[in-house]
Structures are given as structure tokens and as C-alpha cells.
Amino acid sequence: MQRRRSFLRACLSGVAGLSALPALAATPAAEVHIRDYKFNPASLTVKVGATVKWINDEKRTTHSVLFTGPGGFESERMFPGESWQRTFDKPGAYPYSCGPHPEMKGEIVVTD
Ligand SMILES: [Cu+2]
């Protein structure tokens, strides 16, 4: 009986966790394609609240998106065909590069 109750609790907390899903599943407003060791477009302007999706179009190279400004962080590695997305909630300039290839540069500009 005790065991059953904790199972139920785990299920319920899982359901509560679903409220976080809509943010993760946001529809991308713009896409950045990665190919030949370049971000395309390298510079992209979007509105506050927009979600940008990076797509690795390479045949065999992995890439990441490494934000180099304050509070910067790195995405997980994207294998060919994989993508990663981020929603931008504050206006500003967000320069980035690629973790394994620092020579790759890009920037997202977020406007009001
Ligand atoms: Cu790269």
C-alpha cells in the first residue's frame, strides 16, 4: 500500500511537470542553419519572446551554440540532422560561437 501511494505521487508530480512543456515546444520564429562551418544567417534580428532554432545541416561534423556574452552558456552538441532552440525573453545582442570551432561566429539581436 505504501509503495502504491508513492507511485501515485510520482505520477502526479510528473503531470505537474507538464506545465513546463509549452515553453520547450515553442514554435521557432527563425532558423539558423549550420553548414560548412558557418552559421547562416550569421546575424539575425528577432522580436522579444521569439524562439530561434539552430539546425546542423553538416554531413559529419558536430557543432554547438556557445553564447559568449554575460551569463553565456553552451548548448548541447548537435550531431548532423539535430537541432537546438532557445527563446529570447530580453532585448539585446547575443553574440555566440561554436564550442568546438571558436572561429565560427554568429549573433542574435533581440528587439522590443
Ligand atoms: Cu562548430
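**Exercise 1. Are Trp54 and Phe67 buried or exposed, and what do their rings do?**

Before starting, note that this is a predicted model, where local features need pLDDT of at least 70, side-chain atom pairs count only at pLDDT 80 or more, and totals for chains, interfaces and linings use all residues. Residues are numbered from 1 along each chain as its sequence is written, and side-chain values use heavy atoms, with hydrogens and water left out.

*Solution.*
- Step 1: Trp54 and Phe67 are both buried, a label for under 20% relative accessible area, with exposed over 50% and partly exposed in between (1.4 Å probe, protein chains only).
- Step 2: Their ring centres are 6.0 Å apart and the planes meet at 85°, so call this pair edge-to-face. Rings of Phe, Tyr and Trp (its six-membered ring) pair if their centres lie within 6.5 Å; planes under 30 degrees apart are stacked, over 60 edge-to-face, and the rest tilted.
- Step 3: Trp54 sits in strand β4 and Phe67 in strand β5, 13 residues apart. Strands are DSSP runs (E, at least two residues), numbered from the N terminus.
- Step 4: Arg86 joins in, with its charged end over the ring of Phe67, 4.4 Å from the centre. The test is NZ of Lys or CZ of Arg within 6 Å of the ring centre and within 35 degrees of the ring normal.

**Exercise 2. Find the copper donors and place them in the chain.**

*Solution.*
- Step 1: Look for N, O and S atoms within 2.8 Å of the metal (3.2 Å for Na, K and Ca); water is not among the atoms, so sites may look incomplete.
- Step 2: The protein supplies His63 (ND1), Cys98 (SG) and His101 (ND1), at 1.9 to 2.1 Å from the copper ion.
- Step 3: His63 is in the loop between β4 and β5, and Cys98 in the loop between β7 and β8, so the two tie together parts 35 residues apart in sequence.
- Step 4: Check the accessibility: His63 has a relative accessible area of 0%, and Cys98 has 1%.

**Exercise 3. Work out the strand order of the open sheet and its edges.**

*Solution.*
- Step 1: Two strands pair if DSSP finds at least two bridges between them.
- Step 2: That gives four strands in the order β2-β1-β4-β6, with mixed pairing.
- Step 3: β2 (38-40) and β6 (83-87) have a single partner strand each, so one side of each has no neighbour in the sheet.
- Step 4: Zoom in on β4 and β6: they run antiparallel, joined by five bridges, and Lys53 stands opposite Gln85 in β6.
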